[in-house]
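I opened the notebook to go through one structure, feature by feature. The entries follow the order in which I looked things up.

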Amino acid sequence: VGGVRDLIGAGVRRLDGWCEPHFRLTRPLYVADPAAAAGAGVWSAQEWQRHRRAATAPFEAHADRCAGDAQYARYLVAIHEAKLRAVLALADTFDFGPYRRVLELGCGDMAQAFVLCGRLPGLAYTATDFDAGVIADCARLPLLAGIDKRVFDVTGPDLGLLDGHDLALSWSLEFSLDDAQLTRLFAACKAHAVPWLLCTHTGIGPLRFWLEAPRASRQRRYAREPGWRLHGWLRSAGQIATLAGAAGIALAWRARLANHTALLFEP
Ligand SMILES: C[S@@+](CC[C@H](N)C(=O)[O-])C[C@H]1O[C@@H](n2cnc3c(N)ncnc32)[C@H](O)[C@@H]1O
């Protein structure tokens, strides 16, 4: 039964992947959070930090994935299927030739940055996140020494850090941004003439949108209930491209990479 369910799941994902660019779909996602007040917004930088430190356990039986290079390497092995296969596929598929200076936005614990820099050592790579804790944790690791690290909030007033970079890159960052914040970031990429390679595993296509409609209507109730928290927004590629279009930046390339979708937007 499990095998059949997996097969159907894979079929739905594949079909959805084909259809996604032609549909404009957005769905908010709520998660259980007993400490949350009703109507609380998406996680702050401190809440991301708290979550990241608590959520190491499912990957490995150690408390801190950034405790040392060995722990970090074990963590990378644990997330290979979920996150890193897509990065390796990107390195093989996407032509990084014109883009030497890469600025990653919302890098989290820099797993993708580490793999990409290993595959493409010529890149001058800056990894950023608004969670100062994860940037400090990663700065302790000799394995990540070659990566420039900065605290950077993409919803902050000054997006000038984009200047001097050839490419902005993100992995599921857009999930944490509402439509207005996402459109503003696209507009900043246009203003600074920086293409944005947006990679995500939080896309949603029409089949999943429809199949999960009952769960989504339950989730809409959570918006008004204490103990539930808005976590982010699932969007179809068509919806992301529409927001980019509103900011004057167009989809130039698209690929399916393992369980992720990559969308290149060019000013
Ligand atoms: C879904 S997680 C993805 C993390 C990482 N890219 C990955 O794929 O493992 C979203 C990331 O975006 C960061 N983030 C959320 N809002 C942000 C903001 N306004 N500015 C910068 N980073 C942000 C979070 O701290 C988190 O690391």
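**Backbone outliers**

I began with S172, which counts as buried at 13% relative accessibility, because the limit for buried is under 20%. The model is predicted, and I read every entry here with that in mind. S172 sits in the loop between β5 and α7. I looked up its backbone angle: phi of S172 is near 65 degrees, a positive value in a residue that is not glycine. I noted this because most residues other than glycine have a negative phi.

A258 was my next entry, and its phi is near 50 degrees, again positive in a residue other than glycine. A258 belongs to the loop between β8 (250-257) and β9. Is A258 buried or partly exposed? I found a relative accessible area of 30% for A258, so I entered it as partly exposed.

**The loop before α7**

I went back to the loop between β5 (167-171) and α7, where L177 is placed. L177 has a relative accessible area of 5%, so I put it down as buried. I also checked a distance along this stretch: the C-alpha atoms of L177 and I8 are separated by 31 Å, with their positions 169 residues apart along the chain.

**Aromatic pairs**

How many aromatic pairs does a search of the whole structure find? The search returned eight. One of them joins F94 and F96, with ring centres 4.9 Å apart and planes at 80 degrees, which is edge-to-face. F94 has 8% relative accessibility and therefore counts as buried. F96 likewise counts as buried, at 8%.

I then looked up F186 and F265, an edge-to-face pair with 4.9 Å centre to centre and 70 degrees between the planes. This pair links distant parts of the chain, since F186 lies in helix α7 (residues 179-191) and F265 in strand β9 (residues 260-266). The two are 79 residues apart along the chain, and their C-alpha atoms are separated by 8.4 Å. F186 has 0% relative accessibility, so I listed it as buried. F265 also has 0% and is buried.

Which residues do ring pairs link into a cluster? I wrote down F94, F96, Y99 and W253. F94 and F96 thus appear in my notes both as an edge-to-face pair and as members of this cluster.

**Salt bridges**

I counted the salt bridges next, and the structure holds 14. In one of them the side chains of R52 and D129 meet, at 3.9 Å from N to O. That distance passes because the cut-off is within 4 Å. R52 is in helix α2 (residues 45-54) and D129 in strand β3 (residues 124-129), so the pair links distant parts of the chain, 77 residues apart. Both R52 and D129 are buried.

I looked at D148 and R150 as well, whose closest N and O atoms are 3.3 Å apart in a salt bridge. D148 is partly exposed at 31% relative accessibility. R150 is partly exposed too, with a relative accessible area of 37%.

The salt bridge between R208 and E212 came next, at 3.0 Å from N to O. Where does each partner fall on the accessibility scale? R208 counts as partly exposed at 27%, whereas E212 is buried, with a relative accessible area of 18%.

My last salt-bridge entry is a network, which links R53, D64, D137 and R140.

**A positive patch**

Which residues form the positive surface patch? I listed R215, R218, R221 and R224. I followed up R221, which is placed in helix α9 (residues 213-222). R221 has a relative accessible area of 42%, so it counts as partly exposed. It qualifies on accessibility because patch residues need over 30% relative accessible area.

**Page summary**

I closed the page with the items I would look up again. These are the positive phi values of S172 and A258, the F186 and F265 pair between helix α7 and strand β9, and the buried salt-bridge partners R52 and D129.

Key
Residues numbered from 1 in each chain as written. Heavy atoms only, no water. Patch = residues over 30% accessible without salt bridge, like charges linked within 9 Å, V, L, I, M, F, W, Y side chains within 5 Å. Areas by Shrake-Rupley, 256 points an atom, 1.4 Å probe, with all protein chains shown as cover. Lys, Arg positive; Asp, Glu negative; His and termini not counted. Charge placed at Lys NZ, Arg CZ, Asp CG, Glu CD. Helix = DSSP H or I, 4+ residues; strand = E, 2+ residues; numbered from the N terminus. Buried < 20%, exposed > 50% of the residue type's maximum accessible area, 1.4 Å probe, protein only. Phe/Tyr/Trp six-rings, centres within 6.5 Å; stacked < 30°, edge-to-face > 60°.
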